[in-house]
Amino acid sequence: MAPPQDPPPLSAELLLRAYAMGVFPMAEGRDDPRVFWVDPEARGVFPMDGFRISRSLARTIRRAPFQVALNRDFSGTVAACAKRDETWINTTIFDLYAQLHHMGHAHSLELWDGDALVGGVYGVTLGRAFFGESMFSRHRDASKIALAYLTLHLANTGFTLFDTQFLTPHLASLGAIEIPRKTYHDRLEAALSHGTADITSKPLPDAQSVVQRKTQTS
């Protein structure tokens, strides 16, 4: 009987293959070096044309309280997402996403107040899929504003799938939905089979473009 083989070491390339198969990594906590793979029975996604902007959020976006940037400080965005009491981002995952960023497969959309990073979201790109990983907010509505800009920018640059991993009440209030695993894998296959979108191919939308979407009463 052949001796059991050790699993292949984690690498950025292995991580991309995992995303292509519909799974993503997590850790139990920042101090736990182990990483496990997750493929939820129900998956959260943002419909590319289904982001909800409330009237109050639209007013905030029109005031343009923050500067919006792409990849100005990717590592700082991931670090801010991990800076909470409980996080699934350990050192291994942090380093892997930094490698993906340098490879052009991980990106951050950030909100800045002068020189202060006050909100943002980051994720992985592959084909025409964006795999949202985490977000943070240091000002009221900052993460909502970041998502509003991101969903429109992804649509503008040719993405067809925005994966949020899980559906939370916060994401559901913004228009995210939950779909079965099989449906998700079908959509993922389609997003990987029809070319590659480039999140850096166009400038970010302006505030007016973002709020021109249908708003909901609040």
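1. Let me start with a serine in helix 5. Leaving out residues up to four places away in sequence, Ser143 touches Met135, Phe136, Ser137 and His170. Ser143 sits in helix 5, and with a relative accessibility of 10% it counts as buried, because the cut-off for buried is under 20%. Please keep in mind as you read on that this is a predicted model.

2. Now the overall picture. The chain holds eight helices and eleven strands. Of its 218 residues, 48% are buried. If you take contacts between residues at least 6 apart in sequence, 76% of them join residues at least 24 apart. As for the outside, the accessible surface of the chain is about 11,000 Å², and carbon and sulfur atoms account for 51% of that.

3. Helix 5 also packs against helix 2. Helix 2 covers residues 55-63 and helix 5 covers residues 142-156; their axes come within 11 Å and cross at roughly 80°. The two helices are therefore roughly perpendicular to each other, since angles of 65 to 115 degrees are put in that class. On the helix 2 side the contact uses Leu57, Thr60 and Ile61, and on the helix 5 side Lys144, Ile145, Ala148 and Tyr149. Sorted by class, the residues of this contact are five nonpolar, one polar and one charged.

4. Thr60 deserves a closer look. This threonine belongs to helix 2 and is buried, with a relative accessible area of 10%. Which residues does Thr60 contact, once its neighbours within four places in sequence are set aside? They are Pro65, Asp141 and Ile145. Ile145 is also among the helix 5 residues that meet helix 2.

5. Ile145 turns up again in the surroundings of Leu111. Leu111 lies in strand 6 and is buried, its relative accessible area being 0%. Setting aside neighbours within four places in sequence, its contacts are Phe66, Gln67, Val68, Ala116, Leu117, Val118, Gly119, Ala142, Ile145 and Ala146. One of these, Ala146, is 35 residues away from Leu111 along the chain, yet the C-alpha atoms of the two are separated by 6.8 Å.

6. A second helix pair to check is helix 1 with helix 4. Their axes are 9 Å apart and the packing angle is about 85°. That makes helix 1 roughly perpendicular to helix 4. Helix 1 brings Ala12, Leu15, Leu16 and Tyr19 to the contact, while helix 4 brings Leu96, Tyr97, Gln99 and Leu100. By class that gives seven nonpolar residues, one polar and no charged ones.

7. On to the cores. As background, nonpolar side chains tend to be buried together in soluble globular proteins. The largest nonpolar core here has 34 residues, and Tyr19, Tyr97, Leu100 and Phe131 have the most contacts inside it. Two or more residues each come from helix 1 (12-20), strand 1 (24-26), helix 3 (74-82), helix 4 (91-102), strand 6 (106-113), strand 7 (116-126), strand 8 (129-137) and helix 7 (181-193). Which element gives the largest share of this core? Helix 3 does, with five residues.

8. Leu100 shows how this core ties in with the helix pair above. Not counting residues up to four places away in sequence, Leu100 touches Ala12, Leu15, Leu16, His105, Ala106 and Val124. Ala12, Leu15 and Leu16 are helix 1 residues that take part in the contact with helix 4. Apart from the largest core there is another one, of 32 residues, which includes Ala58, Ala176, Ala207 and Val211.

9. Finally, two backbone angles to look at. Most residues other than glycine have a negative phi. Ala64 is not a glycine, but its phi is positive, at about 50°. Where is Ala64 found? It is in the loop between helix 2 and strand 5 (67-70). Is Ala64 buried or partly exposed? At 44% relative accessibility, this alanine counts as partly exposed, because that value falls between the 20% and 50% cut-offs. Asn71, likewise not a glycine, has a positive phi of about 60°. This asparagine lies in the loop between strand 5 and helix 3.

Methods:
Residues numbered from 1 in each chain as written. Predicted model: local features only at pLDDT ≥ 70, side-chain atom pairs only at ≥ 80, totals over all residues. Heavy atoms only, no water. Axes fitted to C-alpha atoms, helices over the stretch in contact; angles between N-to-C directions. Helix = DSSP H or I, 4+ residues; strand = E, 2+ residues; numbered from the N terminus. Parallel < 35°, antiparallel > 145°, perpendicular 65-115°, else oblique. Contact = heavy atoms within 4.5 Å. Nonpolar A, V, L, I, M, F, W, Y, C, P; charged D, E, K, R; others polar. Core = buried A, V, L, I, M, F, W, Y, C linked by side-chain atoms within 4.5 Å. Buried < 20%, exposed > 50% of the residue type's maximum accessible area, 1.4 Å probe, protein only. Areas by Shrake-Rupley, 256 points an atom, 1.4 Å probe, with all protein chains shown as cover.
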